[in-house]
Amino acid sequence: MSNIKNAFKNGKAFIAFITCGDPDLETTKAAVRAAVQNGADLIELGIPFSDPTAEGPVIQGANLRALNGGITTDQVFSFVKRLRKEIHVPMVFMTYANVVFSYGAERFFSACREAGVDGLILPDLPFEEKEEFLPLCRSNGVDLVSMIAPTSANRIAMIAKEAEGFLYIVSSLGVTGTRSEIRTDLSSIVKVVRENTGIPCAIGFGISTPEQAKKMAGLSDGVIVGSAIVRLLEKYGKDAPAHIGRYVKSMKDAIRQ
């Protein structure tokens, strides 16, 4: 068991997603630092991939900018290892199965352990196929974080029973991106989760305003925000960290109970 649970020990968790290397690793480091200083309880780091199928145009753009800047998975691991010297909140990777396969699964999870990565989210890994990676996750102390979507229906209980770290509840159908309104009946999904596991659950996809964050935190144990943060990086580049700090503070303030 990793230390992901620590992200949820002081009330509702705010989880910030940042793509590594967008626009460069120094800015990523400053953005992570700003997010943590302003209340982020867990950092979700994206390893850039050329075909991020779960991502909308904002995070797709971040992946492309990072890859065009020459970012490699090796560089990401070295970066996180350095980052760990000053950032002590839980950190998880979000990437795709191809990244793990191409790097070599044993090498990938060993590098996660050495870098101090607590968990891994693979949006394109079906729950039924997670055994492909589970033994390596366990032997390296990395939680394989499962996702529950509005379409999971009768699979929600099954996924929840085997959850590790935290459960990532996808708020809406489709890809990542900000949404003006979230219409999914999330309370019924969370109810089934609560009946089947004591693992915390956080809601992501589409959350961008303090009002949305407050509402989603009222239903779950935390909120995940990616596109709204990445949009600040797209807009302000190297100057984005200060803007990210102010944004994270406004979101964290909104979910404090």
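Where is the place of P23? In this predicted model, P23 is found in the loop between β1 (13–19) and α1. The bond leading into P23 deserves a moment's attention, as the peptide bond from D22 to P23 is cis, with omega near 0°. Most peptide bonds are trans.

Beyond that loop comes helix α1 (residues 25–37), which packs with α3 at an angle of about 40°, the two axes being 11 Å apart. Angles from 65 to 115 degrees would count as roughly perpendicular and those under 35 degrees as roughly parallel, and α1 and α3 are therefore oblique to each other. Their crossing is right-handed. On the α1 side the meeting involves L25, T28, K29 and V32, and on the α3 side Q75, F79 and L83.

Helix α3 also takes part in the aromatic pairing of the model. In total, the count comes to 11 aromatic pairs. In one of them, the rings of F77 and F108 have centres 5.3 Å apart and planes at 75°, so this pair is edge-to-face, given that planes over 60 degrees apart are classed in that way. The pair links distant parts of the chain, with F77 in helix α3 (residues 73–83) and F108 in helix α5 (residues 105–115), 31 residues apart. Both F77 and F108 are buried. The two rings also belong to a wider group, for ring pairs link F77, F93, F101, Y103, F108, F109 and F133 into a cluster. Y103 has a charged partner too: the charged end of R107 sits over the ring of Y103, 3.9 Å from its centre.

Helix α5 contributes further residues to the interior. Alongside F108, the buried residues of α5 include A105, F109, S110, A111, C112 and A115. What lies over these residues? The cover for the buried residues of α5 includes α3, β3 (91–94), α4 (97–103), β4 (119–121) and α6 (134–139). Just after α5, the backbone at G116 takes a positive phi of about 85°.

A second aromatic pair brings together Y168 and F205. The ring centres of Y168 and F205 are 5.9 Å apart and their planes stand at 90°, so this pair, too, is edge-to-face. Y168 belongs to strand β7 (residues 167–170), whereas F205 is in the loop between β8 (201–204) and α9 (210–219), so the pair ties together parts that are 37 residues apart in sequence. Why are both residues classed as buried? The cut-off for buried is under 20% relative accessible area; Y168 has a value of 3%, and F205 has a value of 6%, so each falls within the buried class.

Each member of this pair leads to another part of the chain. Y168 is among the residues in contact with S146, which also touches F127, I159, F166 and L167, leaving aside its neighbours within four places in sequence. S146 lies in the loop between β5 (143–145) and β6 (147–148), and its relative accessibility of 9% counts as buried. F205, for its part, is 9.8 Å from G56, C-alpha to C-alpha, although 149 residues separate G56 and F205 in sequence. G56 is placed in the loop between β2 (42–46) and α2 (57–68), and at 1% relative accessibility G56 counts as buried.

The backbone of F205 is worth a look as well. Most residues other than glycine have a negative phi. F205, however, has a positive phi of about 80° although it is not a glycine. A153 is another such residue, with a positive phi near 45°. A153 lies in the loop between β6 and α7 (156–161). Is A153 buried or exposed? At 52% relative accessibility, A153 counts as exposed, whereas F205 counts as buried at 6%.

The loop that holds F205 runs between β8 and α9, which brings the description to the packing of α9. Helix α9 and helix α11 (residues 240–255) pack at an angle of about 40°, with axes 8 Å apart. That angle makes α9 oblique to α11. The contact is made by P210, A213, K214 and A217 of α9 together with S250, M251, A254 and I255 of α11. α9 passes α11 in a right-handed crossing, and the crossing of α1 and α3 is likewise right-handed.

Methods:
Residues are numbered from 1 along each chain as its sequence is written. This is a predicted model: local features need pLDDT of at least 70, side-chain atom pairs count only at pLDDT 80 or more; totals for chains, interfaces and linings use all residues. Side-chain values use heavy atoms; hydrogens and water are left out. Rings of Phe, Tyr and Trp (its six-membered ring) pair if their centres lie within 6.5 Å; planes under 30 degrees apart count as stacked, over 60 as edge-to-face and the rest as tilted. Helices (H or I, at least four residues) and strands (E, at least two) are DSSP runs, numbered from the N terminus. Buried means under 20% relative accessible area, exposed over 50%, partly exposed in between (1.4 Å probe, protein chains only). A charge sits over a ring if NZ of Lys or CZ of Arg is within 6 Å of the ring centre and within 35 degrees of the ring normal. Axes are lines fitted to C-alpha atoms, for helices over the stretch in contact, and angles run from 0 to 180 degrees between N-to-C directions. Angles under 35 degrees count as roughly parallel, over 145 as roughly antiparallel, 65 to 115 as roughly perpendicular and the rest as oblique. A crossing is left-handed if the near helix is turned anticlockwise from the far one by less than a right angle, and right-handed if clockwise. Contact means heavy atoms within 4.5 Å.
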